[in-house]
Amino acid sequence: MCGICACTGNLNAVKLVTEGLKILEYRGYDSAGVAYIENENLKVEKAVGEICNLEKKVENLVSFTAIGHTRWATHGGVTENNAHPHFSFSKNIAMVHNGIVENYKELKEKLEIDTWRSQTDTEVFVNLVEKENGTLLEKIISASRKVIGSFAVAILDEKGNLVLGKRESPLYVAKIKNGIMAVSDTYVLSGLTENFYTLGDNEFAEIKNDEIYFYDKNGKKIIKNSEKMQKFDKKSTIFEKTHMKSEILETKNILKTTYKNYQDGNLFSQIIFPNRPKEINLIACGTAYHSALQGAEYFKKIGIPSHAYIASEFRYGNEILNKNALYIFVSQSGETADTIACAKMLKEKKMCCLALTNTPNSYLNQICGNVLPTFAGKEIAVASTKAYSCQVFVLYLFSLYISGKFQEKEKEIENFLVKFPLVDIDKNVVDKISKFEKIFFIGRRQDYITALESSLKLKEITYINSFAIASGELKHGTLALIDEKSIVIAICTEEKTKEKLFSNLEEVKARNGSVLLVTNFETNFDNLKIPTFPPSLMPLVSIIPMQFLALHICEKLGYNPDKPKNLAKSVTVE
Ligand code: F6R
């Protein structure tokens with residue numbers, strides 16, 4: 001959510017920053033801007049919409065220092081005024097900010113400034129910085145003490161001083177050829193450097209004379225160790241028109257890579273967790289919550305009580321914690337604020353926490369210390385597809401590891417990976433489904449979870465009102481909505497629930513609703529046939545046509561699947 005890129009050195013900083021912002025665009029694409037030094041003056045350029053709009057405005061600018069931002073609006077609508085960077089009142093300082101200043105209203109009143117140029121909390125923050133005494137670094141350190149909330153900031157003043165600060169939102173800095181670059185995602189640094197530094201909470205950095213100096217919240221210099229850049233395997237990437245399509249098509253390869261990495265059991269044996277945990281609880285948001293639900297099914301199958309929680313609910317609930325339980329935090333980005341808040345809370349209570357993420361140096365990984373990586377590769381499209389499949393797969397493998405059945409299942413898994421089907425959905429079926437006003441997804445147990453994920457995918461990129469329901473629940477209320485304007489898409493991959501689900505579909509047909517059954521079983525209903533594999537692996541098979549369905553309807557309606565409206569890839573605010 002919001003991307004930051006800052007750069008200084010003997011280089012074309014504005015160009016590098018805008019290129020960096022393009023890579024970070026998945027984090028927010030409402031508006032973008034850069035601040036830079038030109039003829040010893042601090043200047044700002046901004047544009048609403050995609051980065052290319054900003055690029056046109058700055059293509060001829062040359063500056064050795066620049067800070068840039070791509071925005072996902074939190075405070076204030078999508079306007080040029082609300083876009084970052086924000087100037088302080090005197091226009092001597094410019095700031096880009098990712099995060100939320102929770103007490104901005106109170107701080108705003110105290111600042112006693114008559115005219116505000118934006119409705120943002122960031123403008124309050126930069127003015128707070130300006131009012132402090134000392135060097136730019138001293139100012140940001142003391143201003144941050146007054147701020148309640150989260151921030152990753154890059155601040156540039158008219159003298160060309162560049163400082164960074166971080167609390168909860170991610171920020172990394174690295175030496176690159178001829179200069180230094182700070183970013184909110186290390187992916188930008190890929191190919192530019194071998195090593196980088198992660199700023200910790202309430203840490204600050206000053207970039208001076210081609211060096212990076214780090215400070216703690218008291219302004220005391222600290223020494224930080226650099227970390228090795230992860231190699232992003234761009235070779236395996238399938239290049240389609242949209243990231244979402246490429247990412248769905250990559251699923252087969254990344255499941256294979258994931259398996260290869262877990263096959264020898266080393267990754268599992270490195271994590272610390274109670275031997276035969278008494279409970280396994282999973283905490284996550286959105287799509288990751290759906291993989292957590294599948295995970296809970298896997299753990300229950302091996303006899304361990306397990307429950308999946310929505311992070312934003314868990315946090316304020318009265319859940320009874322268990323010292324002998326394992327708490328798994330599932331998150332593609334490892335940045336999701338609600339998930340992080342829960343991890344912090346449970347870590348403080350000394351619970352055994354494990355992060356399941358797709359981002360090697362993520363904040364969630366740092367909090368948990370105990371990590372199971374997914375190997376999905378960078379996921380750019382906002383709608384998660386391949387990362388979801390990878391999360392489900394790793395949770396399945398983990399359940400086998402705990403139950404001691406990993407070896408026993410090896411052949412079965414290898415066969416599955418060789419034959420893994422990327423079942424697409426026929427154009428005629430897409431045309432037919434897209435005509436319905438109401439689209440419901442149903443299923444039982446693991447298929448209900450797939451239904452939940454299918455419905456989320458559809459609504460987030462097509463804006464069609466859809467929801468998922470456990471098929472047995474249909475007649476307890478939702479059936480009232482079924483008529484000739486409705487289609488019910490049912491997922492059925494388990495023998496034990498098959499007959500009951502078929503009866504539910506008859507009930508739909510009796511109310512003039514249409515039906516599409518996604519199944520590996522023989523049936524007389526209109527259906528999409530998927531191949532049969534062992535039941536536990538079927539959620540990986542059945543989700544693919546549902547992801548394609550959302551994608552094709554989205555394309556048919558003329559929307560961009562990679563950048564759904566109102567959404568951003570990393571949700572770093574609660
Ligand atoms: C939907 C989607 C979101 C994320 C959710 C959690 O396609 O991607 O629902 O799953 O915002 O994000 P992570 O997994 O990064 O914690």
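Helices (H or I, at least four residues) and strands (E, at least two) are DSSP runs, numbered from the N terminus. The model is predicted, so local features need pLDDT of at least 70 and side-chain atom pairs count only at pLDDT 80 or more, while totals for chains, interfaces and linings use all residues. Residues are numbered from 1 along each chain as its sequence is written, and side-chain values use heavy atoms, with hydrogens and water left out.

**Exercise 1.** State which strand holds T519, whether T519 is buried or exposed, and which residues T519 touches.

Solution. Step one: T519 belongs to strand β24, residues 514-519. Step two: buried means under 20% relative accessible area, exposed over 50%, and partly exposed in between, with a 1.4 Å probe and protein chains only. T519 has a relative accessible area of 0%, so T519 is buried. Step three: contact means heavy atoms within 4.5 Å. Not counting residues up to four places away in sequence, T519 touches C492, L528, K529 and I530.

**Exercise 2.** Classify K496 as buried or exposed, and give the C-alpha distance between K496 and R444.

Solution. K496 is part of helix α17, residues 495-510. Its relative accessibility is 66%, so K496 counts as exposed. K496 and R444 are 52 residues apart in sequence and 9.6 Å apart in space, C-alpha to C-alpha.

**Exercise 3.** Compare the radius of gyration of the chain with that of a compact globule.

Solution. The radius of gyration is taken over C-alpha atoms, and the globule rule is 2.2 Å times the number of residues to the power 0.38. For 574 residues the rule gives a value near 25 Å; the chain has 25 Å, so the two agree. Along its principal axes the C-alpha trace spans about 75 × 50 × 45 Å. Of the 574 residues, 61% are buried.

**Exercise 4.** List the domains of the chain and locate the largest nonpolar core relative to them.

Solution. Step one: domain bounds come from an automatic or database domain assignment. The domains are domain 1 (3-228), domain 2 (243-419) and domain 3 (427-556). The C-alpha centres of domain 1 and domain 3 lie 45 Å apart. Step two: a nonpolar core is a set of buried Ala, Val, Leu, Ile, Met, Phe, Trp, Tyr and Cys residues joined through side-chain atoms within 4.5 Å. The largest such core has 80 residues, and I328, F393, L397, F398 and I489 touch the most other members. Helix α18 (residues 538-556) supplies the largest share of this core, twelve residues. Domain 2 and domain 3 both give residues to this core, so it lies between them. Step three: leaving aside neighbours within four places in sequence, the contacts of I328 include I280, F299, L354 and F398. Apart from this core lies another, of 27 residues, among them C5, L11, A13 and L21.

**Exercise 5.** For helices α1 and α7, give the span, the buried residues and the elements they pack against.

Solution. The expected span of a helix is 1.5 Å times one less than its number of residues.

- Helix α1 (residues 13-24) has twelve residues and reaches 16 Å from its first C-alpha to its last, close to the 16 Å expected. Its buried residues are A13, V14, L16, V17, T18, G20, L21 and L24. They pack against elements including β1 (3-9), β2 (31-38) and α2 (51-58).
- Helix α7 (residues 251-262) also has twelve residues and reaches 16 Å, close to the 16 Å expected. Buried here are T251, K252, I254, L255, T258, Y259 and Y262. Among the elements they pack against are α6 (243-249), α13 (386-403) and α18.
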